[in-house]
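Colleague: I am new to this structure and would like a close look at a single part of it, with the surroundings brought in afterwards. Could you take me through that part slowly, in one connected account?

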Amino acid sequence: MKTLVIALLLVAVTTGIAGAQKAQPFVTAPDTFTATLSNTTPLVFGMGVDDAQRALGTPLIYVRGRPGHEVFLTFRDLGGSGLVPHRDRLYLQFRKGRLAGWKADWGENWMWR
């Protein structure tokens with residue numbers, strides 16, 4: 001009788017431990033893929049000029065517009081091949097002092113004309 005009780009306790013303990021562990025998925029997606037997507041620009045509609053400048057980490061250059069309704073330009077350094085640096089222009093449109101839109105410009109490099 002003692003051996004039967006001990007055997008049942010051992011079975012109960014081992015099944016309890018096995019049931020507590022979560023099953024691991026067969027395939028795990030790497031987190032680095034989503035970190036390198038092009039839509040991870042830290043811009044949000046409605047942010048102010050200082051917030052946009054801080055989020056991009058680059059200074060904003062005034063292009064045109066009256067106060068509160070300006071267009072700014074910034075150059076994003078996206079690396080490149082190592083031989084030639086790759087800098088893209090990014091235009092930011094502000095209305096009533098808030099970010100209303102932005103547009104990247106991948107135009108030709110004027111230095112090679």
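Modeller: T58 is buried, because its relative accessible area is 18% and the cut-off for a buried residue is under 20%. This is a predicted model, and the values that follow are computed from it. T58 is found in the loop between α3 and β1, the strand that spans residues 61-64. The side chain of T58 is joined to the side chain of T74 by a polar contact of 2.5 Å. If residues up to four places away in sequence are left aside, T58 touches Q53, T74 and F75.

A little further along the chain is L60, which, again without counting residues up to four places away in sequence, touches V49, A52, Q53, F72, L73, T74 and L92. Q53 and T74 are thus among the residues touched by L60, and both are also touched by T58.

L60 leads on to the nonpolar core, since L60 belongs to the largest one, which has 11 residues in all: L43, M47, A52, L56, L60, F72, L90, L92, F94, L99 and A104. At least two residues of this core come from each of α3 (49-56), β3 (85-95) and β4 (98-105), and β3 gives the most, with three residues. In soluble globular proteins, nonpolar side chains tend to be buried together.

Two members of that core, F72 and F94, deserve a separate look. The structure holds three aromatic pairs, and one of them is formed by F72 and F94, edge-to-face, with 5.6 Å from centre to centre and 85 degrees between the planes. Because F72 lies in strand β2 (residues 71-80) and F94 in strand β3, this pair ties together parts that are 22 residues apart in sequence. Both F72 and F94 are buried, and together with Y62 they form one aromatic cluster.

To place these details in the whole, the protein has three helices and four strands, which follow the pattern α-α-α-β-β-β-β when read along the sequence. Of its 113 residues, 19% count as buried, and T58 is one that meets this description. Among the contacts in the protein with a separation of 6 or more, 32% are accounted for by residues 24 or more positions apart. The accessible surface of the protein comes to about 9,500 Å², and 63% of that surface belongs to carbon and sulfur atoms.

Methods: Residues are numbered from 1 along each chain as its sequence is written. This is a predicted model: local features need pLDDT of at least 70, side-chain atom pairs count only at pLDDT 80 or more; totals for chains, interfaces and linings use all residues. Side-chain values use heavy atoms; hydrogens and water are left out. A nonpolar core is a set of buried Ala, Val, Leu, Ile, Met, Phe, Trp, Tyr and Cys residues joined through side-chain atoms within 4.5 Å. Buried means under 20% relative accessible area, exposed over 50%, partly exposed in between (1.4 Å probe, protein chains only). Contact means heavy atoms within 4.5 Å. A polar contact is a pair of N or O atoms within 3.5 Å; within protein, one must be able to donate a hydrogen and the other to accept it, and residues adjacent in sequence count only if both atoms are side-chain atoms. Accessible areas come from the Shrake-Rupley method with a 1.4 Å probe; for residues, only the protein chains shown count as cover. Rings of Phe, Tyr and Trp (its six-membered ring) pair if their centres lie within 6.5 Å; planes under 30 degrees apart count as stacked, over 60 as edge-to-face and the rest as tilted.
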